[in-house]
Amino acid sequence: MTYDGVDSILEQWANERPDLDASPIGIFGRISRIDRLFEQYMAEFLRPHGLTLGLFDVMAALRRSGEPFQAKPSELAAMTMLTSGGMTGRVDQLEKLNLVRRVPDPDDRRVMMAQLSPEGRDLIDQLMGEHLSLERARLEWLHVGESEEFAGYLRMLEASLRSLHGQAEESGLGD
């Protein structure tokens, strides 16, 4: 096992306040660092395609919604944990990139839905394949079955944090 900056923080607390159990820092400190590294990775991964993580999330939500790969802005906002106002801006950006188009809602012509364009579908299919392959490579140190076990622990931690804030489970993120 390698020594990291979180280990250093834990040692410092052990020296300064041996009466405290600082072990949660070993988990939450690393989760925080992993989140920052993941955001950096995604920014670098998406930059050559003119996308941000937020735009990628919208495209992924549309793609996983199934044929005809469209949704109302309010539905997209719920799927990506964003406000409807923020969603309008993202759909505008994707439309300018010709990755999404606006189509009328068949049930209410006053409502416009976002729909992946053929170019958008091709791009998200390509990017998801590459992205998941890269993520899988980052987890190659896990043995058979450990991935599901690890994901289960993270699910329980998320549920514990949500219960502190009275939040219901939310879906989102491209993967």
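Just after helix α7, Gly-166 adopts a positive phi of about 65 degrees. This is a predicted model, in which local features need pLDDT of at least 70, side-chain atom pairs count only at pLDDT 80 or more, and totals for chains, interfaces and linings use all residues. Residues are numbered from 1 along each chain as its sequence is written, and side-chain values use heavy atoms, with hydrogens and water left out.

Helices (H or I, at least four residues) and strands (E, at least two) are DSSP runs, numbered from the N terminus. Helix α7 holds 20 residues, 146–165, and should span 28 Å at 1.5 Å a residue (times one less than the number of residues); the end C-alpha atoms are 29 Å apart, which agrees.

Now to the loops. Most residues other than glycine have a negative phi, and most peptide bonds are trans. Glu-67 and Pro-68 are joined by a cis peptide bond, with omega about 5 degrees, and Pro-68 sits in the loop between α3 (53–64) and β1 (70–71). Two non-glycine residues with positive phi are set out here; buried means under 20% relative accessible area, exposed over 50%, partly exposed in between (1.4 Å probe, protein chains only).

| Residue | Phi | Loop | Relative accessible area |
|---|---|---|---|
| Phe-69 | near 60 degrees | between α3 and β1 | 7%, buried |
| Asn-98 | about 60 degrees | between α5 (84–96) and β2 (100–105) | 52%, exposed |

Finally, Ile-31 belongs to helix α2 and is partly exposed, at 34% relative accessible area.
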